[in-house]
Amino acid sequence: MTDSATPLELLETPEPAAIRDWATEHGILILAHSYQDGFLQEAAHFVGDSLELARVAAAENPKAICFCGVHFMAETAKILCPDAEVFVPDMDAGCSLADGCDAADLARYQEHLTQKLGKRPVTVSYVNCTAAVKAQADIICTSGNARAVVDSIPESDPILFVPDKHLGGWLNETTGRNMTLWDGACEVHELFSIETMLEQKAAHPGCIILAHPECPAAIRNASDFVLGTAGMLKKVKAAKGETFLIATEANMIYRFEKEAPQNSYVPAPGASCACNLCPYMQLNTPEKLWKALHERGPQVTVPQELMAPARQSLERMLAVI
Ligand code: SF4
């Protein structure tokens, strides 16, 4: 069987390891976010959160990247590896946070705040934003390094934090800053209900609740630890025989079970409910990955004029932590 002689639609999608080997032979690096399903995680050369994958992309500097995640993540890889072909399994895999912060609206708001404060605020953007917003921000952060990024900004500087109001609210609580917050949210983390959390806590006596900072305050306040995905992974790896109630995208549990199988994991709000799965991440499938690898597309591009300023914002983040 040769790829050129066989219509692609007739090719059976191989097992994850065979996909990864095929990609290696063809000079393609597969990156997968921890919110992708187990098959895509197994097929990837690297699995991680936004910060880990940004670092891998920058360090490996590959000729081609197939990014199993959502669009803004592939844009980030393109910005950090401008010479690489970057493509995705599904071009429609977006993000409610990124979609909720339009660059033109942000420019108007930055100007409004500058007039109001008599000083231009430092714009800190969570990495879940478009390349155009990254280019307009002063520095980027992820959930894993957000506190360090905010702490790196002088106390005397006002800060505008975009686009996640929940992560921003948590940062205001934990750093003592009074950042102005953009009114955006992740539709997945907003769906957790405090009533369900408390029911599940009662059903699993002694469980430890880990909540992502993208969760609303009521969920964070009912949790034992508020951590980004990398922080959660560190926490469960260090634990021995605990039960964790996990308030983040449910596919994260695949990675926990693989890397810290000594514990039990319960997704919030519950295994019978699929509302804690990201609908955008779910658009990526093994078949689409296999097709994208063969076609080296659809390709993600970033307008040339955005590349340098967006990269500068990302590099400022990478310099902090
Ligand atoms: S889980 Fe939320 S923040 Fe992450 S990609 Fe999906 S919609 Fe965006």
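Start with α12 and α13: these two helices are roughly parallel to each other, because their crossing angle falls under 35 degrees. The model on screen is predicted.

**Stop 1: α12 and α13**

Select residues 229-238 for helix α12 and 252-259 for helix α13. Their axes come within 10 Å and cross at roughly 30°. The crossing of α12 past α13 is right-handed. Now show side chains. On α12, pick Thr229, Met232, Leu233, Val236 and Lys237. They meet Met252, Arg255, Phe256 and Glu259 of α13. Colour this contact by class: five residues are nonpolar, one is polar and three are charged.

**Stop 2: the domains**

Zoom out and colour by domain. Domain 1 takes two segments, 8-93 and 281-301. Domain 2 covers 98-185, and domain 3 covers 189-267.

Keep domain 1 and domain 3 in view. How far apart are their C-alpha centres? The distance is 27 Å. Select the contact between the two: twelve residues belong to domain 1 and eleven to domain 3. Together the two domains bury about 960 Å², with 44% of that area on carbon and sulfur atoms. Which three residues supply the most on the domain 1 side? Pick Ser34, Tyr35 and Glu42. This trio accounts for 52% of the area that domain 1 buries against domain 3, more than any other three residues.

**Stop 3: α3 and α4**

Next, select helix α3, residues 50-60, and helix α4, residues 71-80. The axes of α3 and α4 come within 9 Å, crossing at roughly 30°. That angle is under 35 degrees, so α3 counts as roughly parallel to α4. The handedness is right-handed as α3 passes α4. Display Ser50, Ala54 and Ala57 on α3. Opposite them, display Phe72, Met73, Thr76, Ala77 and Leu80 on α4. By class, this contact holds six nonpolar and two polar residues, with no charged ones.

**Stop 4: α4 and α15**

Hold α4 and add helix α15, residues 304-320. Parallel or perpendicular? The packing angle is about 95°, and the axes are 9 Å apart. An angle from 65 to 115 degrees counts as roughly perpendicular, so α4 and α15 are roughly perpendicular to each other. From α4, choose Thr76, Lys78, Ile79 and Leu80. From α15, choose Met307, Ala310, Arg311, Leu314 and Leu318. The class count for α4 with α15 is six nonpolar, one polar and two charged. Leave Thr76 and Leu80 highlighted: they touch α15, and they also take part in the contact with α3.

**Stop 5: backbone in the loops**

Switch to a backbone view. Most residues other than glycine have a negative phi, and most peptide bonds are trans. The next picks depart from that pattern.

- Select asparagine 61, in the loop between α3 and β3 (64-68). Its phi is positive, near 45°.
- Move to valine 162 and proline 163. A cis peptide bond joins them, with omega about -15°. Proline 163 sits in the loop between β7 (159-162) and α9 (165-175).
- Go to the loop between α14 (286-295) and α15, where proline 298 is found. The peptide bond from glycine 297 to proline 298 is cis, and omega is near 10°.
- Stay in the loop between α14 and α15 for arginine 296. Arginine 296 is not a glycine, yet its phi is positive at about 50°.

Conventions: Residues numbered from 1 in each chain as written. Predicted model: local features only at pLDDT ≥ 70, side-chain atom pairs only at ≥ 80, totals over all residues. Heavy atoms only, no water. Axes fitted to C-alpha atoms, helices over the stretch in contact; angles between N-to-C directions. Helix = DSSP H or I, 4+ residues; strand = E, 2+ residues; numbered from the N terminus. Parallel < 35°, antiparallel > 145°, perpendicular 65-115°, else oblique. Left-handed = near helix turned anticlockwise from the far one by under 90°. Contact = heavy atoms within 4.5 Å. Nonpolar A, V, L, I, M, F, W, Y, C, P; charged D, E, K, R; others polar. Domains from an automatic or database assignment. Buried area = accessible area lost by both parts, 1.4 Å probe.
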